[in-house]
Amino acid sequence: LTPYLMGAATADDPSQFKASSLSTAERSRTAKRFGIRTVIDSEADEDSIVSSREVLISQIATAISYGREDAILNGDTASTHQDTGLANWNPRSMWSSSALGASVDHRKSWIGLRARVGDLGSGSKSDLSTFSYANLMTLKAKLDAPLGRDGSVVLMVPHGVYIDELLTLTQVATVEKYGPQASVVSGEVARIGGMRVVTPHMLTEDLNASGIYDHATTTKGQVLIVNTDRFQLGVRRGLQMEMSKDITRGIHHIVASVREIFWTLDGSSTSN
C-alpha cells in the first residue's frame, strides 16, 4: 500500500485518487486444528469434592496455551523437522512422550520462529560465543527494516539465560549504568537496547551449536530477536470444549480444540 498526494476537486468530474494494492507473500493460509482429548471416570466425577471437570477444563486450557507457544517457537512444516531429535524432545518435560515427533505433534502445525531463522540461513543468525551487549546489538542489526513501532522488537531469552547472562550484563546490572531499574536493585530487566525482554517458557537451553535440538549435544542456550509487527496469529475458531458420556464404559470424553494459524507478512528472504 502506497500513500499519494490527493489533489483538490477543480472540476465537475475530477480525477480519481490514485489507488494501490496490498500484497503479501501468501494470499491464503489454512488454519490448523489442534487440541486435547482426555477421559474421566463417571463415578470419580460424581464423587469428587471439587468438580473434577472444572479442574480438567482449566488444565486443558493451560496446556493448549503452552502448546501454542511451543508451536510458535519450535514449529516446522518441513518433511524433516529442523530439530532432528524431535521424537526425543520434550521441552520442560511438558508433554506425554507417546507421540513426540509423530505426524500429530503440535510442533508440526506451522513454521515457527526458530525454523524461520533456519530457513533464512546464516545471515540471520550467529553464534554469540560470548553473551555481551555488543553481540546482542550485532544480532539485532541483522533484522531488516521496517522495525515497527516502539516495543515491536522483542528479545526472547530462556529463563536460565535471563538469570545467568542478561541480569549480569554490566550495562544493566548496576545503578550508575542503568539507574534505579538496575538488575542489582530490581532483580529484573524489562528492556535492553530498545528491545522488550520476555522469557517464554518453551524457549529452552538444550540445543547444539547450530541452534537445533539433535538429542546428542544439548549444551547451548539461545536468544531470539523478533519484530512482532511482522507476524500474525490467525484464529479461525477459539477454544471449544465438548464432552460426551460413554455409558458402555462409564467414562466422560472431554475434547478441547482450537483452529489457528501462525504466519508472517513477509517473504521468504526477509530477516524479521
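Which backbone oxygen does the side chain of Asn227 reach? Look for Asn227 in strand β5, which covers residues 224-227. Its side chain comes to 2.9 Å from the backbone oxygen of Pro146. Keep in mind as you look around that this is a predicted model.

Let's stay with Asn227 for a moment. Is it buried or exposed? With a relative accessible area of 2%, Asn227 is buried, because anything under 20% counts as buried. Setting aside its neighbours within four places in sequence, Asn227 is in contact with Pro146, Leu147, Gly148, Ser152, Val153 and Asn272.

Now move over to the sheet. It's an open sheet of 3 strands in the order β1-β7-β6, with antiparallel pairing. The edge strands are β1 (32-41) and β6 (231-246), and each of them pairs on one side only. On average, neighbouring strands here are turned by 15° against each other, if you ignore direction.

You can trace the pairings one by one. β6 pairs with β7 (residues 251-264) over 13 bridges in the antiparallel sense. Along that seam, Gly234 has Ile261 of β7 as its bridge partner, and Glu242 stands opposite Val255 in β7. The β6 and β7 hairpin has 4 residues between the strands, and Gly250 there takes a positive phi near 70°. On the other side, β1 and β7 pair over 10 bridges, again antiparallel, with Thr38 opposite Ile254 in β7.

What lies across these strands? That's helix α2 (residues 52-74), which lies across β1, β6 and β7 and runs at about 150° to β1. As for β7 itself, 12 of its 14 residues are buried, so this strand is largely enclosed by the rest of the structure.

That brings us to the inside. In soluble globular proteins, nonpolar side chains tend to be buried together. Here, the largest nonpolar core has 24 residues, and Leu73, Trp110, Leu113, Met156 and Leu224 touch the most other members. The elements giving two or more residues to this core are β1, α2, β2 (153-156), β5 and β7, and β7 gives the most, with 6 residues.

Try clicking on Met156. Leaving aside neighbours within four places in sequence, its contacts include Leu73, Leu113 and Leu224, along with others such as Val198, Pro200 and Val226. There's also a second, separate core of 20 residues, and among its members are Leu167, Val189, Met195 and Val223.

Note on methods:
Residues numbered from 1 in each chain as written. Predicted model: local features only at pLDDT ≥ 70, side-chain atom pairs only at ≥ 80, totals over all residues. Heavy atoms only, no water. Buried < 20%, exposed > 50% of the residue type's maximum accessible area, 1.4 Å probe, protein only. Polar contact = N/O pair within 3.5 Å; in protein donor to acceptor, adjacent residues only side chain to side chain. Contact = heavy atoms within 4.5 Å. Pairing = 2+ DSSP bridges. Axes fitted to C-alpha atoms, helices over the stretch in contact; angles between N-to-C directions. Core = buried A, V, L, I, M, F, W, Y, C linked by side-chain atoms within 4.5 Å.
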